[in-house]
Amino acid sequence: MTMSKINFRRLGLAAMTGAALALAGCATPFKADVARFQTQLPAPQGQSFAVEAGNPALEGGIEFGQYANLVAGELTRYGYRPAAPGEKADLVVHMDYGIDKGRERVVSTPSFGDPWYGGWYGRGFYRPVIVRGRHGRRYVAGYYDPFMWGGFGPGWGGSDVSSYTVYTSDLSLRIDRAADGYRLFEGRAEAQSRDNDLVDIVPNLIQAMFTGFPGNSGEKVRITVAPPEKG
């Protein structure tokens, strides 16, 4: 092996290490699979609504109230309005959410990756990722997450085996016509994450649910919510 080849590889590993350190502080975009169905959901013209818990055990809870306010904010943004105290709402919105106990996932990663020969670089270490946030589409350059993108490519010097817990969370939303209980809309958002903190997860699921609301009936889409921008 020539000295120039050794230096070439060292340079590649140094660049990869620097990029990895730079990305270490980046937040991970939140990805959710959203399926929505509707029959005759009326176009927003100021119809009133009330948000209720799909699970009676959640009704009246402070945490549920916080998420219900987020749903109300999204519906208001689209042109509906919260029912005033004592007013009979035109629409009843049923919301439910939860997360499972998690399952273990085992991954194998190279213990000595060569970025120039199918390692991190070849698998998209510098791949731009499109994310959607409240301020529209934007690109995150240089992002790589083996959990989201399916693992590393082949590397040099063997591989390391590790495991972590994957949690599956979901949010369901149903909108009924209050006058006769007729179902107008059903939606479900599901996501996988490395943590089970609903305080962070549920707001992201709500944002995913209302991205492009009400959507095309029967269509399942992958929604990516951008991580909060650092001030």
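Me: In this predicted model, partly exposed means a relative accessible area between the buried limit of under 20% and the exposed limit of over 50%. Is Arg183 buried, partly exposed or exposed?
Reply: The relative accessible area of Arg183 is 29%. Buried needs under 20% and exposed over 50%, so Arg183 counts as partly exposed.

Me: Which residues meet Arg183 in salt bridges?
Reply: The side chain of Asp176 meets Arg183 at 2.3 Å, N to O, and Asp176 is buried, with a relative accessible area of 8%. A salt bridge at 2.9 Å, N to O, brings in a second acidic side chain, whose residue is partly exposed at 36%. The partners are Asp176 and Glu186.

Me: Which residues form the network made by salt bridges that share partners?
Reply: The structure holds eight salt bridges. Those that share partners join three residues into one network. These are Asp170, Arg188 and Glu190.

Me: Within the salt bridge of Glu74 and Arg77, which residue is buried?
Reply: Both residues lie in helix α2, three residues apart, and their closest N and O atoms are 2.6 Å apart. Arg77 has 55% relative accessibility and so counts as exposed. At 4%, the buried residue is Glu74.

Me: Which element gives the largest share of the largest nonpolar core?
Reply: This core has 36 residues, and Val71 and Met95 touch the most other members. Elements that give two or more residues include β1, α2, β4 and α4. The largest share, seven residues, comes from α4.

Me: How far apart in space are Pro42 and Tyr80, C-alpha to C-alpha?
Reply: Pro42 is in the loop between β1 and β2 and touches Tyr80. The two are 38 residues apart in sequence, and their C-alpha distance is 10.0 Å.

Terms used: Residues numbered from 1 in each chain as written. Predicted model: local features only at pLDDT ≥ 70, side-chain atom pairs only at ≥ 80, totals over all residues. Heavy atoms only, no water. Core = buried A, V, L, I, M, F, W, Y, C linked by side-chain atoms within 4.5 Å. Buried < 20%, exposed > 50% of the residue type's maximum accessible area, 1.4 Å probe, protein only. Helix = DSSP H or I, 4+ residues; strand = E, 2+ residues; numbered from the N terminus. Contact = heavy atoms within 4.5 Å. Salt bridge = Lys/Arg side-chain N within 4 Å of Asp/Glu carboxyl O. Lists of a residue's contacts leave out its neighbours within four places in sequence.
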